[in-house]
Amino acid sequence: MRPHRRYISFQAIKSIFSSSKNSNEVLKPIKKLPTVSGAGPFAEPATFDIIGNPNALLNVKLPSSTILNLQFNNQQNNIVAVNGDISQLHTELGKLGTLTNSFLYQRCFNINPISLLLSSTSTNANFLSLKTSEKDQWSVVNKSSLVAWSGNGMTVEPSGKGLQLSGKGVFALSHPGNLFEIKLLEGESIYLAPSTVVAYDNLNPFKYQFINNRKVLLDISIPEFNALSKLKSSINTQWKKVNAKLTSKTEDVEQELVVKDSAKGIERANQFFGYLASLYRRFLTNKADELMVEFKGPQTLIVSNDLISNRRYFTGQELEDIFSKQTKQ
């Protein structure tokens, strides 16, 4: 028994977006096919056009024989429509990185030019595309944000939770919330919540900073309460000093107890220092909301207005690693 196929016309696709004031903006771009070629010495990459307001659709125009790389994750993005002859569409599965840190993607090309229309499965996700030159290097914070890329000179490599992109080409991102491009000039800087950073170029390294938002608000609106902020800062400073002394004295205390051959004393000491460590971790968790990322110009950033608490965005181990590096500075 042959499976039943339901053919959808472009007029039917257009009716899906009939609520939009300019529904023709969905129909016109996908009907126009590219006339350039992706073969030969002057190969052209795919082009990514953002459609809609908000930017909920991605129109991919794929010239003949041009290679398009798509993230292999059907749970995040869907192909809504295809225009062109796809009888000679070739696809293959690829993997980047190592066994412990990999990134799966689909490499595809077509003998004839085609146009694809992609949407995100997330209700509030939006698209953004960027063109890069030979010298450009970009970092995508999370692998799931990279939707597609194209260009013979572009390379993609996994790096921790994210990806490193370099070389000439074009790539498209998708992320919950509205996406914005921020360009910092020389001498400019900005503090951002870590969860809002989607991608950034690698012109300057970023660093984590603790920004006391409550202190800033108190300084502006209620100056007479500045003493509370100073008291809190003093307590935090003293706590760091006490913690450093306790850490440095741990080995000395344990050695002294071993000399006395007191197993019970060692056990009590371990429990005591374990208790102090748990208090310290709780203190760091509470302080997580003050963690921000500082970027300095010249630099280009892609940010989202979809804010997530640092306690949910980072794991406990990641927070401890960040805080331990901060205390050593």
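Is Val 82 buried, partly exposed or exposed, and what is its relative accessible area? To answer, it helps to begin with the model as a whole. This is a predicted model, in which local features need pLDDT of at least 70 and side-chain atom pairs count only at pLDDT 80 or more, while totals for chains, interfaces and linings use all residues. Residues are numbered from 1 along each chain as its sequence is written, and side-chain values use heavy atoms, with hydrogens and water left out.

The protein chain contains 7 helices and 19 strands; these are DSSP runs numbered from the N terminus, helices being H or I with at least four residues and strands being E with at least two. Of its 329 residues, 35% count as buried, where buried means under 20% relative accessible area, exposed means over 50%, and partly exposed lies in between (1.4 Å probe, protein chains only). The accessible surface of the chain comes to about 20000 Å², and 54% of this belongs to carbon and sulfur atoms; such areas come from the Shrake-Rupley method with a 1.4 Å probe, and for residues only the protein chains shown count as cover.

Strands of a sheet pair through backbone hydrogen bonds, either parallel or antiparallel. Here, two strands pair if DSSP finds at least two bridges between them. One open sheet consists of 4 strands in the order β1-β2-β7-β4, with antiparallel pairing. Because β1 (47-51) and β4 (77-83) stand at the edges, each with a single partner strand, one side of each is left without a neighbour in the sheet. Strand β1 is joined to β2 (residues 57-62) by 5 bridges, and Phe 48 stands opposite Val 60 in β2.

The opening residue, Val 82, is found in strand β4. Val 82 is partly exposed, with a relative accessible area of 34%. Together with Ile 79, Ile 86 and Leu 89, Val 82 forms a nonpolar patch on the surface, with about 310 Å² of accessible area in total.

Further along the chain, strand β12 (residues 162-166) has antiparallel pairings to consider. With β9 (residues 137-140), β12 shares 4 bridges, and Leu 165 in β12 is the bridge partner of Trp 138. With β11 (residues 155-159), β12 pairs over 5 bridges, and Leu 165 is also the bridge partner of Val 156. Strands β11 and β12 form a hairpin with 2 residues between them, and Gly 160 in the turn has a positive phi of about 65°.

How values were computed
Patches are made of residues with over 30% relative accessible area and no salt bridge: like charges are joined within 9 Å, nonpolar side chains (Val, Leu, Ile, Met, Phe, Trp, Tyr) within 5 Å. A salt bridge is a side-chain nitrogen of Lys or Arg within 4 Å of a carboxyl oxygen of Asp or Glu.
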